[in-house]
Amino acid sequence: MRVEYTVCGEEAMDTLGQSLASLFTELKSVHFNGDLGMGKTTLVRGVLKGFDYLGPVKSPTYTIVEPYEIESKTVYHFDLYRLMDPEELEYMGIRDYFQDTSLCLVEWPDKGDGVLPNADLIIDIAFLKDGRLVSIEANSLVGETALNKFNSL
């Protein structure tokens with residue numbers, strides 16, 4: 001299953017992220033694809049706001065991962081842009097992050113091919129003349145269930 005949204009502006013991307021937070025509650029992993037400047041981090045920031053996180057949300061471009069404590073789970077925001085080899089993820093203990101009590105939001109997942117677990121949802125963000133096209137595709141049974149539930153709201 002795949003759904004698409006046209007988003008115009010940073011505020012609209014943030015708002016979409018906030019509305020998607022309810023979709024993410026049962027998921028373990030979401031992958032975000034898109035060129036530089038497409039709004040991946042802005043969308044993640046919105047998701048965290050949707051989870052009632054009020055602190056700053058920065059891109060983990062240099063740290064690779066930023067943790068956020070949200071109620072009974074931890075949200076890990078990964079940015080793999082600077083990763084040179086997927087094996088680097090093994091050295092940082094990547095598998096320890098993907099637990100039942102965590103949600104992993106991964107920007108630039110292609111940099112971790114072969115090491116990252118499969119995503120429940122894959123979000124692609126593409127340039128449009130007047131904004132962005134945000135495509136959300138279910139990539140697991142739990143992802144499809146969540147996306148169907150979200151679409152019926």
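**Notebook: cores, helix packing and loops**

I looked first for the largest nonpolar core, and of its 32 residues Phe24 and Ile123 touch the most other members. A nonpolar core here is a set of buried Ala, Val, Leu, Ile, Met, Phe, Trp, Tyr and Cys residues joined through side-chain atoms within 4.5 Å. Buried means under 20% relative accessible area, exposed over 50%, and partly exposed in between (1.4 Å probe, protein chains only). I then asked which helix gives the most to this core. Helix 1 (residues 10-24) does, with 6 residues. Helices (H or I, at least four residues) and strands (E, at least two) are DSSP runs, numbered from the N terminus.

Before going on, I note that this is a predicted model, in which local features need pLDDT of at least 70, side-chain atom pairs count only at pLDDT 80 or more, and totals for chains, interfaces and linings use all residues. Residues are numbered from 1 along each chain as its sequence is written, and side-chain values use heavy atoms, with hydrogens and water left out.

**Phe24 and the other core**

I listed the contacts of Phe24, leaving aside its neighbours within four places in sequence. Contact means heavy atoms within 4.5 Å. The partners are Val30, Phe32, Val47, Phe51, Lys73, Leu103, Leu105, Leu121 and Ile123. Apart from the largest core lies another, of 14 residues. Tyr76, Phe98, Cys104 and Val106 are among them.

**Cysteines**

How many disulfides does a search of the whole structure find? It finds 0. The test is a pair of cysteine sulfur atoms within 2.5 Å. I checked the exposure of two cysteines. Cys104 is buried, at a relative accessible area of 0%. Cys8 is partly exposed, at 48% relative accessibility.

**Helix 1 against helix 2**

I turned to helix packing. Two packed helices are described by the angle between their axes and the distance between the axes. Axes are lines fitted to C-alpha atoms, for helices over the stretch in contact, and angles run from 0 to 180 degrees between N-to-C directions.

Helix 1 and helix 2 (40-50) pack at about 50°, with their axes 6 Å apart. Helix 1 is therefore oblique to helix 2. Angles under 35 degrees count as roughly parallel, over 145 as roughly antiparallel, 65 to 115 as roughly perpendicular and the rest as oblique. The crossing is right-handed. A crossing is left-handed if the near helix is turned anticlockwise from the far one by less than a right angle, and right-handed if clockwise. On the helix 1 side, the contact residues include Met13, Gly17, Ala21 and Phe24. On the helix 2 side, they include Thr42, Leu43, Gly46 and Val47.

I checked Thr42, which lies in helix 2. Thr42 is buried, at 14% relative accessibility. Beyond four places in sequence, Thr42 touches Glu10, Met13 and Asp14. Helix 2 as a whole is mostly covered, with 8 of its 11 residues buried. Lys40, Thr41, Val44 and Leu48 are among those buried residues.

**Helix 1 against helix 4**

The axes of helix 1 and helix 4 (residues 141-151) come within 9 Å and cross at roughly 130°. That angle makes helix 1 oblique to helix 4. This crossing is right-handed. Helix 1 meets helix 4 through Ser19, Leu20, Ser22 and Leu23. Helix 4 contributes Ala146, Leu147 and Phe150.

**Loops**

I looked for positive phi outside glycine. Asp52 has one of about 70°, and Asp52 comes just after helix 2. Is Asp52 buried or exposed? Asp52 is exposed, at 59% relative accessibility. Ile64 also has a positive phi, about 75°. Ile64 lies in the loop between helix 2 and strand 3, and Asp52 is placed in the loop between helix 2 and strand 3 (65-70).

Asp35 lies in the loop between strand 2 (29-33) and helix 2. Asp35 is exposed, at 58%. Leaving aside neighbours within four places, Asp35 is in contact with Lys40, Trp108 and Ile125. Asp35 and Trp108 are 73 residues apart in sequence and 8.9 Å apart in space, C-alpha to C-alpha.

Lys28 sits in the loop between helix 1 and strand 2. Lys28 is partly exposed, at 37% relative accessibility. Its contacts beyond four places include Phe98, Asp100, Leu103, Cys104 and Asp120. Lys28 and Leu121 are 93 residues apart in sequence but 9.2 Å apart in space, C-alpha to C-alpha.
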